[in-house]
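Thank you all for coming. I would like to walk through one structure this morning, taking the sheet, a helix, a pocket and a loop residue in turn.

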Amino acid sequence: MPVEDVVARARNGLAQIPRVPGAPKPDALLVADGVRRSFGGVNAVDVEHVEIQKHVITALIGPNGAGKTTFFNLMTGFDKPDTGSWVFDGTPLAGVAASRVAKSGMVRTFQLTKALARMTVLDNMRLGARDQPGEGLFTALVKPLWAPRERAITEKAMTLLERFKLDTKKDDFAGSLSGGQRKLLEMARALMSDPTLVMLDEPMAGVNPALTQSLLGHITDLRDSGTTVLFVEHDMHMVRHISDWVVVMAQGKVVAEGPPSEVMADQAVIDAYLGAHHDTDLGDDALLDEGGVIDAEAEAEADAELSPTTKAEEKAP
């Protein structure tokens with residue numbers, strides 16, 4: 001079946017899913033059960049059950065401190081839960097190291113990008129590829145054993161850099177890129193391993209609004225090419241317009257899920273963001289334009305004006 005038909009069927013299947021926390025999905029790619037993580041007695045994550053549908057874009061939203069990034073860290077092996085288990089594409093991954101999780105087909109990006117600043121853009125891309133025989137000590141000494149694979153990796157890296165409009169930067173150090181360009185680089189590098197699921201942690205954070213549309217287009221392109229996308233985001237405008245399904249976390253728990261238009265009008269979700277006694281629709285674009293709920297674009301624009309050096313100075317003690 002063509003990829004576009006598979007994606008269309010998956011998106012259409014969402015209409016039959018109950019609008020309740022932990023709702024079962026017809027073709028779940030990631031299933032987590034009883035996942036809990038506490039820090040100093042505070043439950044950062046307390047997820048009874050959640051399923052991520054294959055071939056769609058799922059947004060994971062919630063107020064600051066809801067446990068979204070911690071949940072990402074647990075699923076991808078960057079942190080260990082107190083209890084719980086999860087299965088990715090039929091394979092249990094609880095307790096599996098982050099490197100093996102990535103090899104299984106689940107890769108993630110970070111809110112603060114992890115590009116290697118003193119390596120070129122092209123070398124950063126090459127690092128993301130699987131099956132590199134040149135990494136072996138003895139194989140590395142015999143060029144004919146690794147040179148063909150190196151050429152294939154480089155060709156793939158250049159194809160992706162062209163797709164993300166970073167090909168002209170291939171010989172530049174990654175540290176010289178703007179915040180938005182580093183986000184693009186990290187997303188492109190994640191695709192070097194041909195992932196089944198891409199997990200994006202606040203892809204719009206710190207991005208100049210001029211690059212916002214480009215990033216949105218790349219995310220929808222991932223879905224349309226058959227890749228499942230799960231992303232954390234505070235920009236409700238973005239969530240409403242590109243996500244197929246929304247999962248809401250508050251105080252570590254999944255409190256709601258459903259299509260974006262329904263979730264953003266859900267009183268439980270509004271209460272989680274704004275407190276009780278509000279009747280505001282989080283999906284109201286007019287309200288977002290007025291900066292009444294979450295003015296992520298204004299924050300991104302202000303952040304984009306800072307140079308990498310200035311940002312580093314601000315973070316220094």
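Let me begin with a pair of strands, E6 and E7, the latter covering residues 197-201, which run parallel and are joined by three bridges. Within that pairing, Val107 has Val198 of E7 as its bridge partner. I should say straight away that this is a predicted model, and that what I report was computed from it.

Stepping back from that pair, the strands belong to an open sheet of six, with mixed pairing, in the order E6-E7-E8-E3-E9-E10. E6 and E10, the latter spanning 253-258, are the edge strands, and because each has a single partner strand, one side of each is left without a neighbour in the sheet. On average, and ignoring direction, neighbouring strands of this sheet are turned by 20° against each other.

Now to helix H2, which lies across E3, E6, E7, E8 and E9, and which runs at about 145° to E7. Is this helix enclosed or open to the outside? Six of the eight residues of H2, which covers 68-75, are buried, so the helix is largely enclosed by the rest of the structure. Those buried residues are Lys68, Thr70, Phe71, Phe72, Leu74 and Met75, so you will notice a lysine listed among them. After H2 comes Gly77, with a positive phi near 85°.

Next, the second largest pocket, which holds about 700 Å³ of space. Its lining is made up of 24 residues, and those nearest the centre of the pocket are Ala102, Val107, Leu127, Gly128 and Ser193; Val107 is the residue we met a moment ago as the bridge partner of Val198. Which elements supply at least two residues each to this lining? They are helix H3 (98-104), strand E6 (106-108) and helix H6 (179-190), with H3 giving the largest share, five residues. Sorted by class, the lining comprises 11 nonpolar, five polar and eight charged residues.

Finally, a loop residue: Gln132 sits between helix H4 (121-127) and helix H5 (143-163). Its relative accessible area is 18%, and because the cut-off for buried is under 20%, Gln132 counts as buried. Leaving aside residues up to four places away in sequence, Gln132 touches Arg126, Leu127 and Ile153. With Ile153 the separation is 21 residues in sequence, while the C-alpha atoms of Gln132 and Ile153 are 8.7 Å apart in space.

That is where I will stop, and I am happy to take questions.

Definitions and conventions
Residues are numbered from 1 along each chain as its sequence is written. This is a predicted model: local features need pLDDT of at least 70, side-chain atom pairs count only at pLDDT 80 or more; totals for chains, interfaces and linings use all residues. Side-chain values use heavy atoms; hydrogens and water are left out. Buried means under 20% relative accessible area, exposed over 50%, partly exposed in between (1.4 Å probe, protein chains only). Helices (H or I, at least four residues) and strands (E, at least two) are DSSP runs, numbered from the N terminus. On a 1 Å grid over the protein atoms alone, a cavity is a set of points where a 1.4 Å probe fits but cannot get out, and a pocket is an open set with protein on both sides within 12 Å along at least five of seven lines; lining residues have an atom within 4 Å of a point. Grid points are joined across faces, edges and corners, and a volume is the space filled by probe spheres set on the points. Ala, Val, Leu, Ile, Met, Phe, Trp, Tyr, Cys and Pro count as nonpolar, Asp, Glu, Lys and Arg as charged, and the others, Gly among them, as polar. Two strands pair if DSSP finds at least two bridges between them. Axes are lines fitted to C-alpha atoms, for helices over the stretch in contact, and angles run from 0 to 180 degrees between N-to-C directions. Contact means heavy atoms within 4.5 Å.
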